Structures are given as C-alpha cells and as structure tokens.
Amino acid sequence: MRFTVTDLLAKKRQGIKITMLTAYDYPFAHLVDEAGIDMILVGDSLSMVIQGNENTLPVTLEEMIYHTKIVVKTTKRTMVVADMPFMSYQVSIEEAIRNAGRLVKEAGAHAVKLEGGREFLKQIKGIIEAEIPVIGHLGLTPQAILRMGGYKLQGKIPEQAKRIKEDALMLQDVGVVAIVLEVIPSDLAKEITESLEIPTIGIGAGFHCDGQVLVLHDLLGLFERFTPKFVKKYANLREDILKAIRQYKEEVEKGEFPDIEHSF
Ligand code: KIV
C-alpha cells in the first residue's frame, strides 16, 4: 500500500520521523522505494544533478512530467511528490492549477510541491481547491536564487525569521499537507515545527523537524560540483563508478574482456 497524505499527518501526531529523498529515474526510484522511504520528491533539483544546469531555473514542466511518470510507474509504496518548476505557477492562479493538474493527471503524482509563502498563497489555495495535495517550501527557495544572490542561510535576522514563521502559518491555514524548510537555523525550524499541526520536512534545518529530505545524488556522492554543509555523504558512488569504468576500459584495451566466461 502506498504512503498517503493521511499517513504523513499520522506520523507527525505519533512523533515518528518522516523520510523523503529525491529520485528522478527507474534505477534510483526503485531502490528508494525498496528501502522503505516514505516519500519521493521528483525535485526540480534534477535540473542540476541530472541535466547539469547551473541552477534549478531551466527545467521545464514537460521534463518534470517525463521524470515523474517514470518514478510513479516504478514505485509501489512510496508517495510521489512532483516539484512545480520555475514559471509553472508564478504567473497566475489558473496556470498554477492547470500545471499542477498535469503533474497529477499525466504523470500520476500524488502531490505537488511549490516554493514560496504569502506571495503564492492564492495559487496554492487554488491548487488545493482542485483537490491536489500541496507541500509548501520555505526558507532557502532555490527558484529565488537570482534575488537571494546565492544559496545562503535564511531566517538569520529577526525580520526574516518572523516572515518565515508567519508564512508557515499561512500555508497551514490554506491547507498544505506539509512544509519543506530549507537552510534555516535549527531553533527557527524547532519553533515552526512546534507551532504547526502539519509536518515540517527539513533540509539543512536541523533535527527538530518532523522529517528530513536530501537530494539523493548528494547523499550517494554522485554530484561533484559542491557539497553543502548539511549534506551527509552516505556513499561515494562517483569514485566507485569511475573505478569500474576505468577498469573496463583497461581490460578492453588489454584484450582481457570479454573472456571465455563472458563469451558464447
Ligand atoms: O528540488 C529539490 O530537490 C528540492 C529539495 C532540495 C527539497 O526542492
């Protein structure tokens, strides 16, 4: 049985931590599902870790639909959340509802996530009224990279912290099912988590959150460009893969592969 939004809220009430990871394709979605992670985020981070772009802005709705469809088809028990990419919800309420609808109808997503607080409240309300569960995203919102001027800690100064806390309550009031808190001080995340009935999912927001999310390629050591302070590398797959490919190259060049065992 798939993990649902009801299970998400039940976990918060029972004080059980929620697990979420990104995945974008068959091999990794299969592994994340098999490992028993509650939710997969088909994040717009795919723009960076799959497409090799500098930031998350270029990925399109069509590309998000393509990847979400694969992840939904691949998994059996995890809830699949699709990120709404940059400019798929900013322009109008109608566009936001239509595009969230495409992620559900065409790709099979079980919920959508979108960045921002009060500035996109109307869009979020519209999507929820169309019966699509929404996960909010506050703090460091990578789609605002051009305004923020870099991937920096948010909510450090009191006015910023106040705004994030208010936004969290506003998101809860319009009916989001959870809120991702990215790169904010742990104490602020604790305050927000305690003030909400819905779960918080932290990334660089400390251990007080109700759950955690990481970009899978960071956790596995597959993204070489930079490693933020909050990422724990549980593996170094990049090195293992490089070693395997170099060994293959060497064996082919030396005539050692294919050998008798791998021939007919
Ligand atoms: O796109 C993504 O992977 C995300 C996570 C960093 C939360 O939004």
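How far is an oxygen atom of the ligand from an N or O atom in the side chain of Asp83? The two atoms are 3.1 Å apart.

Welcome to this structure, which is a predicted model: local features need pLDDT of at least 70, side-chain atom pairs count only at pLDDT 80 or more, and totals for chains, interfaces and linings use all residues. Residues are numbered from 1 along each chain as its sequence is written, and side-chain values use heavy atoms, with hydrogens and water left out.

**Around the ligand**

The ligand is surrounded by Thr22, Leu41, Gly43, Asp44, Ser45, Asp83, Lys113, His137, Glu182, Ile203 and Val215. A residue counts here if one of its heavy atoms lies within 4 Å of the ligand. Polar contacts (pairs of N or O atoms within 3.5 Å) are listed in this table.

| Side chain | Ligand atom | Distance |
|---|---|---|
| Asp44 | oxygen | 2.9 Å |
| Asp83 | oxygen | 3.1 Å |
| Lys113 | oxygen | 3.0 Å |

**Two helix pairs**

Helices (H or I, at least four residues) and strands (E, at least two) are DSSP runs, numbered from the N terminus. Helix H5 (residues 93–105) packs with helix H6 (residues 121–129) at an angle of about 45°, and their axes are 8 Å apart. Axes are lines fitted to C-alpha atoms, for helices over the stretch in contact, and angles run from 0 to 180 degrees between N-to-C directions. H5 and H6 are therefore oblique to each other; this word covers angles that are not under 35 degrees (roughly parallel), over 145 (roughly antiparallel) or 65 to 115 (roughly perpendicular). On the H5 side, Ile93, Ala96, Ile97 and Ala100 make the contact, meeting Lys122, Gln123, Gly126 and Ile127 of H6; contact means heavy atoms within 4.5 Å.

Helix H2 (residues 26–34) and helix H4 (residues 61–74) also pack together, at an angle of about 40° and with axes 9 Å apart. That makes H2 oblique to H4. Here Tyr26, Ala29 and His30 of H2 touch Ile70, Val71 and Thr74 of H4.

**Backbone details**

Most residues other than glycine have a negative phi, and most peptide bonds are trans. Met87 is not a glycine, yet has a positive phi of about 75°. Where is Met87 found? Met87 lies in the loop between strand E3 (79–83) and H5. The peptide bond from Phe257 to Pro258 is cis, with omega near 0°, and Pro258 sits in the segment after helix H11 (237–254).

Methods: Polar contact = N/O pair within 3.5 Å; in protein donor to acceptor, adjacent residues only side chain to side chain.
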